[in-house]
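Work through the exercises below with the structure in view. Each task is followed by a short solution.

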Amino acid sequence: MGKHLLLPLVILSLLLGFLQALYCFHCDRVNASGVCVSGERFCETTATEQCYVKKVYEGTTVLFGYQGCRNLCFPFMGCSHKYTVELTCCNSSSFCNKF
Ligand SMILES: *[C@@H]1O[C@H](CO)[C@@H](O)[C@H](O)[C@H]1NC(C)=O
Ligand SMILES: *[C@@H]1O[C@H](CO)[C@@H](O)[C@H](O)[C@H]1NC(C)=O
């Protein structure tokens, strides 16, 4: 491969990496009806981030939640007393983190 091909390839791979960024819903507080009541905006993921949705339940009833971009996102489900916290991660498409 000629040396003159290297720079265009580097630029192309940077562009492709750039295009892989996702947009996610961001919300500081989603209420029980799934309506964002505080801090509604979008965020863009970096290479190591994914979109996430976090929901807090009391029993099977959603109390509130959050949405956004998160570094090293791992799905998680945890209970304490009567509350359950569920964290879901996705990177399949932009705005995949619907509440
Ligand atoms: C959630 O917020 C919306 C808009 O403010 C409101 O209409 C709805 O009643 C709220 N739901 C709860 C469960 O508070
Ligand atoms: C995207 O999701 C897949 C499948 O869940 C996961 O293996 C991969 O690490 C994720 N990518 C990033 C950048 O987190």
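**Exercise 1.** Classify Cys27 and its partner as buried or exposed.

Start with Cys27. Its relative accessibility is 1%, so Cys27 counts as buried (buried is under 20% relative accessible area, exposed over 50%, partly exposed in between, with a 1.4 Å probe and protein chains only). Next, find the partner: Cys27 is joined by a disulfide to Cys36, S to S 2.0 Å (a disulfide is a pair of cysteine sulfur atoms within 2.5 Å). Cys36, at 18%, is buried too. Last, the handedness: the S-S torsion is about 100 degrees, so this disulfide is right-handed.

The model is predicted: local features need pLDDT of at least 70, side-chain atom pairs pLDDT 80 or more, while totals for chains, interfaces and linings use all residues. Residues are numbered from 1 along each chain as its sequence is written, chains are lettered from A and ligands numbered from 1 in the order written, and side-chain values use heavy atoms, without hydrogens and water.

**Exercise 2.** Find the handedness of the disulfide between Cys24 and Cys51.

First, the bond: the S to S distance is 2.1 Å. The torsion is about -75 degrees, so the disulfide is left-handed. Both cysteines are buried.

**Exercise 3.** Which class does each cysteine of the Cys90 and Cys96 pair fall into, buried or partly exposed?

Confirm the pair: the sulfur atoms of Cys90 and Cys96 are 2.0 Å apart. Cys90, at 17%, is buried. Cys96, at 23%, is partly exposed. The torsion is about 95 degrees, so the disulfide is right-handed.
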